[in-house]
Amino acid sequence: MISEAHQRATEPGRSVRMSGDARREQILAAARRVFAEGGFSATTDEVARAADVSQPYVVRLFGSKRDLFLEAYQQAADRVVSTLTLAAREDDPKDAMGRAYLELIEDRDLLRLLMHGFIASADEQVGRAARHCLGEAYRLYVEATGATPDEARQFVAFGMLLNVLVATDAESHPGEDPGMDGLLECVALTAHRAAAGGA
């Protein structure tokens, strides 16, 4: 049964009173979507429209576009690190961390926002967050699995390759490029071997 509050919230033209924290999170959720699509070149006006608030309100809450991007990106990076941290505590951390990362990158907004953050890493704070995210993936894998440094590098490198393949929607374009078809076949074989517990 739909509650009266829900009906009021979803009726056209009816605004819903939200707490400051809830409104802030609503704007951040919109920012993650908008920046995932347009990167740092997206505007606070686009975020405001996506969040159904005014652009001056977005600026009042977050300051500059750069500060809003940084906070949205930091949330994405924190989600990756916290997910891998939980996976690293499981009985089979190598398998759990691999599965956890595959599940993370199914969220295309998260994936694309991370990629835009790597590109925007000339900004000191964005760069620090991006480097920490990559470094933590490496550190957690070494410490949780007992992997050699080279094995951990391969884990991170394979994750970055998956990022690029998903971001470019490679699987949706079979037959377009023979080299890409070969790469996808190799990646699928590698993932199958990893899932089976092979090297």
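**Note on a predicted all-helical model**

1. Of the 199 residues of the protein, 32% count as buried. The model under review is predicted. Its secondary structure amounts to 10 helices and 0 strands, and the pattern read along the sequence is α-α-α-α-α-α-α-α-α-α. Among contacts in the protein with a separation of 6 or more, 60% join residues 24 or more positions apart.

2. Helix H7 covers residues 108–119. With 12 residues at 1.5 Å a residue, this helix should span 16 Å, and the 17 Å between its end C-alpha atoms agrees with that expectation. At the start of H7, the backbone nitrogen of Asp 109 has a side-chain oxygen of Asp 107 within 3.1 Å.

3. The buried residues of H7 are Leu 110, Leu 111, Arg 112, Leu 113, Leu 114, Met 115 and Gly 117. Arg 112 thus stands in the list of buried residues of H7. The packing partners of these buried residues are helix H2 (20–38), helix H5 (65–88), helix H6 (93–104), helix H8 (124–145) and helix H9 (149–167).

4. The pairing of H5 with H7 may be described in detail. The two axes come within 10 Å and cross at roughly 115°, and the crossing is left-handed. On the H5 side the contact is made by Phe 69, Ala 72, Tyr 73, Ala 76, Ala 77, Arg 79 and Val 80. On the H7 side the contributors are Leu 110, Leu 113, Leu 114, His 116, Gly 117 and Phe 118. By class, the residues of this contact divide into 10 nonpolar, 2 polar and 1 charged.

5. Three residues of helix H2 deserve separate comment, beginning with Ile 27. Ile 27 lies in helix H2 and, at 0% relative accessibility, falls under the 20% limit and therefore counts as buried. Not counting residues up to four places away in sequence, Ile 27 touches Val 47, Ala 51, Val 53, Tyr 57, Val 58, Leu 61 and Phe 62. The C-alpha atoms of Ile 27 and Leu 68 are separated by 9.2 Å, with their positions 41 residues apart along the chain.

6. Ala 31 is also placed in helix H2. Its relative accessible area is 0%, so Ala 31 is buried. Leaving aside neighbours within four places in sequence, Ala 31 is in contact with Ala 36, Val 47, Leu 68 and Ala 72. From Ala 31 to Lys 65 the C-alpha distance is 9.8 Å, for a sequence separation of 34 residues.

7. Phe 35 is found in helix H2 and is buried, at 0% relative accessibility. Apart from neighbours within four places in sequence, its contacts are Ala 42, Val 47, Lys 65, Leu 68, Phe 69, Ala 72, Leu 113 and His 116. Phe 69, Ala 72, Leu 113 and His 116 are also listed among the residues that make the contact of H5 with H7. Phe 35 and Ala 72 are 37 residues apart in sequence, and their C-alpha atoms are 8.3 Å apart in space.

8. Asn 163 lies in helix H9. Is this residue of H9, Asn 163, buried or exposed? Its relative accessibility is 1%, so Asn 163 counts as buried. Leaving aside neighbours within four places in sequence, Asn 163 is in contact with Tyr 101, Ile 105, Leu 111, Met 115 and Phe 118. Two of these partners, Leu 111 and Met 115, appear in the list of buried residues of H7.

9. Two loop residues merit inspection of their backbone geometry. Asp 52 has a positive phi of about 60° although it is not a glycine. Asp 52 belongs to the loop between helix H3 (44–51) and helix H4 (55–62), and with a relative accessible area of 68% it is exposed.

10. Asp 169 likewise is not a glycine and has a positive phi, here of about 55°. Asp 169 is placed in the loop between H9 and helix H10 (178–195). Its relative accessible area is 32%, which lies between the limits of 20% and 50%, so Asp 169 is classed as partly exposed.

Note on methods: Residues are numbered from 1 along each chain as its sequence is written. This is a predicted model: local features need pLDDT of at least 70, side-chain atom pairs count only at pLDDT 80 or more; totals for chains, interfaces and linings use all residues. Side-chain values use heavy atoms; hydrogens and water are left out. Helices (H or I, at least four residues) and strands (E, at least two) are DSSP runs, numbered from the N terminus. The expected span of a helix is 1.5 Å times one less than its number of residues. Buried means under 20% relative accessible area, exposed over 50%, partly exposed in between (1.4 Å probe, protein chains only). Contact means heavy atoms within 4.5 Å. A polar contact is a pair of N or O atoms within 3.5 Å; within protein, one must be able to donate a hydrogen and the other to accept it, and residues adjacent in sequence count only if both atoms are side-chain atoms. Axes are lines fitted to C-alpha atoms, for helices over the stretch in contact, and angles run from 0 to 180 degrees between N-to-C directions. A crossing is left-handed if the near helix is turned anticlockwise from the far one by less than a right angle, and right-handed if clockwise. Ala, Val, Leu, Ile, Met, Phe, Trp, Tyr, Cys and Pro count as nonpolar, Asp, Glu, Lys and Arg as charged, and the others, Gly among them, as polar.
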